[in-house]
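I opened the notebook to look up two residues and the empty space inside the model. The entries follow in the order in which I made them.

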Amino acid sequence: MSANKELEYNTVWIAQRADPYVVKDASGSYYFTASVPAYDSIVLRKSDTLEGLAQAEETEIWHKHESGPMSKHVWAPEMHFLFGKWYVYFAAGEKDDIWKIRPYVLECQGPDPMKDAWVELGKMQRADEDEFSFEAFSLDATIFENKGSYYYIWAEKTGVGRQISNLYIAQMESANKLKTVQVLLTTPDYDWERHGFWVNEGPAVLKRNGKIFVTYSASDTGVNYCIGMMSVSEDAELLDPRAWKKERYPVLKTDAEKGIYGPGHNSFTVDGEGNDIMVFHARTETEIVGDPLYNPNRHAMLMKFGWDADGNPVFHF
């Protein structure tokens, strides 16, 4: 029996770990990181197998500051290997201004993310001619490569009052600086993106069949949280928003029969047999005790998914 039979799908995989991110390195090892309920640190797990991450020891690689930037609300870390090094991208606020959420970067000083030192590179830097990026509530950065260039996608709020969370894209100059001015990728146009708050956030990238797919999360973080999707040809001009196609309806949402509520903020990986896996968080109850933001019961789950005849991913529990 293959070790992969031990994986259980669409159920709690790693409890109380929101915004789960899994990356597989060149040697085949898996790493896992996520937001922890206290929002005070960045943790990593490593395993030779995907299923092994569930029991793997968790190591704290960075802890929040006592004051100033990066001292509150440490959210949604992702680990990427770029420009020959490991980097962690995350968002954080300030103790005296808790909603001053901005994107930050850590750099690993050696090849082993679990053992080698991590240093702060500070806030992500926008392009020199960009006056707007990262001036407001900004979070959930992800990174992907296409045709030798790296691209950075993130969520940032704009407007007045409760504000609107949009997704933006830019090309990267280096691991901690953008090369191009931000381009608006998507804004919450549809009713399913506007429950509680008008939100597009949590982008994740999947490349296959000559296409680039970006899934993202929409609406507030309770039972209405769901996943939308955009796509573009890998040969297109990725910084032209008209080149992208946005799906009219969510590609994944609450399934009361399965007891999965508010699926969102996903990442993608493959299991040991090469099957495509979506890693996502969801709740297992409809009634949220207290503020949804601070309720810890968003759990990391796994979903095996396939592809349709047109080369598009198909997600279902």
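I took strands as DSSP runs of E of at least two residues, numbered from the N terminus. Thr-269 sits in strand S18, residues 261-270. The model is a predicted one, where local features need pLDDT of at least 70, side-chain atom pairs count only at pLDDT 80 or more, and totals for chains, interfaces and linings use all residues. Residues are numbered from 1 along each chain as its sequence is written, and side-chain values use heavy atoms, with hydrogens and water left out.

I looked up whether Thr-269 is buried or exposed. Thr-269 is buried (under 20% relative accessible area, 1.4 Å probe, protein chains only), because its value is 8%. For contacts I took heavy atoms within 4.5 Å. Leaving aside neighbours within four places in sequence, Thr-269 touches eight residues I could list, among them Val-22, Tyr-30, Leu-50 and Ile-277.Next I went to Asp-116, in the loop between strand S7 (97-108) and strand S8 (118-123). Asp-116 is partly exposed, at 26%; that class runs between the buried limit and exposed, which is over 50%. Leaving aside neighbours within four places in sequence, Asp-116 is in contact with Cys-108, Gly-110 and Pro-111. A polar atom of the Asp-116 side chain lies 2.7 Å from the backbone nitrogen of Asp-112.

Last, I looked for cavities, sets of points on a 1 Å grid over the protein atoms alone where a 1.4 Å probe fits but cannot get out. I found one cavity of 30 Å³ or more. The largest cavity has a volume of about 70 Å³, taken as the space filled by probe spheres set on the points, which are joined across faces, edges and corners. Its lining residues, with an atom within 4 Å of a point, include Gln-16, Tyr-39 and Arg-298.

Terms used:
On a 1 Å grid over the protein atoms alone, a cavity is a set of points where a 1.4 Å probe fits but cannot get out, and a pocket is an open set with protein on both sides within 12 Å along at least five of seven lines; lining residues have an atom within 4 Å of a point. Helices (H or I, at least four residues) and strands (E, at least two) are DSSP runs, numbered from the N terminus. A polar contact is a pair of N or O atoms within 3.5 Å; within protein, one must be able to donate a hydrogen and the other to accept it, and residues adjacent in sequence count only if both atoms are side-chain atoms.
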